[in-house]
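Here are a few exercises to work through with the model open beside you. Try each task before you read its solution.

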Amino acid sequence: MTGYLADVTALARKDLLVELRSRDTVPAMLLFVVGALVIFHFALPEDSSRLAAAGMLWIALLFTALLALVRSFVAEREGTVIDGLLLAPCDRSAIWLGKALSVFAFLVFAEAVALPAFALFYEPVTWELIAGVALANVGIAAVGTLLGAMAAAARARELLLPLLFLPLAIPLIVGGVGATLAEDPARYLGFLALYDLIFAILSWASFEYVVTE
Amino acid sequence: MLLIAGLGLALLWAPEDADQGPSQRIFYIHVPVALTAYVCFGWAAWKAFRLLWKRDERADLESYTAVHMGVIFGVLTLVTGSIWARISWGVWWTWSERQLVLFLILFLFYSAYFMLRYSTEPGPRRARTSAVYALFGAVLLPVSFLAIRLAEQLLHPAPLFNRDGPQMSGSMFFTFCVCLAAMLTLAAALYRIELTGKRVDARLRELREALT
């Protein structure tokens, strides 16, 4: 068990260190999400309710997450690092968990900027929103990492990943927006937790099948 | 044969529904088509599971064909549902109809399945990846349904219209069952035809590669 956790930590640290040195994904995510929030101001009519603003925030977060996911597998593909990882004597699902953790970290960094920006431009940020965002991050990281591995084997991978991801992201959006807006956010947060549980287990179990040659 | 019998019954024999008149008859096509689509996706997921669990390579083609059937019937569901909506409520599309929204999501999901298959080089990797994706689809079905229900309560409250439930009189129910059986048989027949075609195709390709 400790071997597994050590593998996962090592893999997640690798991704984070690479990002720290190359600094290409997270700054792009930050700029993208703030830029998206600004565009939404021009896209929404003058007297839009907070309902529309909350919805737009979730869309911005979703597409920023897609950026992170596409990038997270590009490096592996180009350097054929994935072959090295597969040869390593660790459980394949540890690769998934390590990657998902690093994607989660990138999302947290991006949201640390996006949520204050949202509070500045539109609406104050509530605890339910933060909880919803945290839960949704888990789902995005889990499912997105698996789909990223699927798409990495394909030809038009930057196009394929968003295509594969969006239908699976619909429940996340429902849960997230619900948690932000409803009078009874607990139900939506519970739904997000359920989604996370189901799809995290499914992704964890099936990663090996997707990534083996 | 069954299909003709089913259609004949639906159009001629079943009593007219009091609320909606002749337009209600499309119900006999729409719901069986929807149920058949679900069965196809379920079958695809089962075959996908068998591929991964037993490493039965033949199951890849079976799963793929089942998804194809499912998408065809899914599109039919959306189209017949749209026609029904037009006749019943005057609009081509309504977000309040949960089943239709669910089918829209599934349609997007399984269309991406085909994109996945066409973008990946053929081989065991593609088979496995497609199988995992088909399994995700089966899990997505109930999760999406829950999501749609939650979304309705929040942002898209259901209007006053209500769909016919399964409360049907005896003869209507019989017609419904015949239509359902007809649709399932049609799906099974198409599935078999397509599967055989694909298997022959694959065999031909193998032979051609072996000869060159």
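A quick definition before we start: helices here are DSSP runs of H or I with at least four residues, numbered from the N terminus. With that in hand, Trp204(A) can be placed in helix H8 of chain A. Keep in mind that this is a predicted model.

**Exercise 1. Work out whether Trp204(A) is buried, exposed or in between, and list what it touches.**

Step 1: Start with the cut-offs. A residue is buried with 20 or more other C-beta atoms within 10 Å of its own, and exposed with 12 or fewer.

Step 2: Trp204(A) has 17 C-beta neighbours inside 10 Å, so it counts as partly exposed.

Step 3: Now look for partners. Leaving out residues up to four places away in sequence, Trp204(A) touches Ser93(A), Trp96(A) and Leu97(A).

Step 4: Pick one of those, Trp96(A). Trp96(A) is 108 residues from Trp204(A) in sequence, yet their C-alpha atoms are 6.7 Å apart in space.

**Exercise 2. Describe how helix H6 of chain A packs against H8(A), and then against H7(A).**

Step 1: Take H6(A) (residues 127-152) and H8(A) (residues 185-211). Their axes are 9 Å apart, at an angle of about 20 degrees.

Step 2: Angles under 35 degrees count as roughly parallel, and that makes H6(A) roughly parallel to H8(A). The crossing of this pair is left-handed.

Step 3: Sort the residues of that contact by class, and you get 20 nonpolar, 5 polar and 2 charged.

Step 4: Move on to H6(A) and H7(A). Here the axes are again 9 Å apart, but the angle is about 160 degrees.

Step 5: An angle over 145 degrees counts as roughly antiparallel, and so H6(A) is roughly antiparallel to H7(A). H6(A) and H7(A) cross in a right-handed way.

Step 6: The class count for the H6(A) and H7(A) contact is 17 nonpolar, 7 polar and 2 charged residues.

**Exercise 3. Find out which parts of chain B touch chain A.**

Step 1: Count both sides. On chain B there are 25 residues in contact with chain A, and they meet 27 residues of chain A.

Step 2: Ask which elements of chain B give two or more residues to this side. They are helix H4 (98-119) and helix H5 (124-154).

Step 3: H5(B) gives the largest share, with 16 residues.

Step 4: By class, the chain B side holds 19 nonpolar, 4 polar and 2 charged residues.

**Exercise 4. Zoom in on H7(A) and H4(B), and describe their packing.**

Step 1: H7(A) covers residues 157-181, and its axis is 9 Å from that of H4(B), at an angle of about 155 degrees.

Step 2: That angle makes H7(A) roughly antiparallel to H4(B). Their crossing is left-handed.

Step 3: Name the residues that meet. H7(A) brings a set that includes Leu160(A), Leu163(A) and Pro167(A), while H4(B) brings residues including Ile105(B), Phe109(B) and Met115(B).

Step 4: Classify the whole contact, and it comes to 12 nonpolar, 1 polar and no charged residues.

**Exercise 5. Sketch the make-up of chain B, and place Thr185(B) in it.**

Step 1: Chain B has 6 helices and 0 strands, giving the pattern α-α-α-α-α-α along the sequence.

Step 2: Check burial. Chain B has 212 residues, and 39% of them count as buried.

Step 3: Look at how far contacts reach in sequence. Among chain B contacts with a separation of 6 or more, 76% join residues 24 or more positions apart.

Step 4: Find Thr185(B) in helix H6 (residues 170-211) of chain B. Thr185(B) has 15 C-beta neighbours inside 10 Å and so counts as partly exposed.

Step 5: Compare with Phe49(B), which is 136 residues from Thr185(B) in sequence and 24 Å away, C-alpha to C-alpha.

**Exercise 6. Decide where in chain B the predictor's confidence is lowest and highest.**

Step 1: Begin with the average. Chain B has a mean pLDDT of 71, and 70% of its residues reach 70 or more.

Step 2: Among the parts of chain B, confidence is lowest in helix H1 (residues 2-13), at a mean of 48, and highest in H4(B), at 83.

Step 3: Mark two stretches where pLDDT stays under 50. Residues 8-21 have 21 contacts beyond four places in sequence in the model, and residues 159-167 have 4.

Step 4: Finish with the complex, for which the predictor gives an ipTM of 0.77 and a pTM of 0.78.

Note on methods. Residues are numbered from 1 along each chain as its sequence is written. Chains are lettered from A and ligands numbered from 1 in the order in which they are written. This is a predicted model: local features need pLDDT of at least 70, side-chain atom pairs count only at pLDDT 80 or more; totals for chains, interfaces and linings use all residues. Two residues are in contact if their C-beta atoms, placed from the backbone, lie within 7 Å. Ala, Val, Leu, Ile, Met, Phe, Trp, Tyr, Cys and Pro count as nonpolar, Asp, Glu, Lys and Arg as charged, and the others, Gly among them, as polar. Axes are lines fitted to C-alpha atoms, for helices over the stretch in contact, and angles run from 0 to 180 degrees between N-to-C directions. Angles under 35 degrees count as roughly parallel, over 145 as roughly antiparallel, 65 to 115 as roughly perpendicular and the rest as oblique. A crossing is left-handed if the near helix is turned anticlockwise from the far one by less than a right angle, and right-handed if clockwise. pLDDT is the predictor's confidence in each residue, from 0 to 100.
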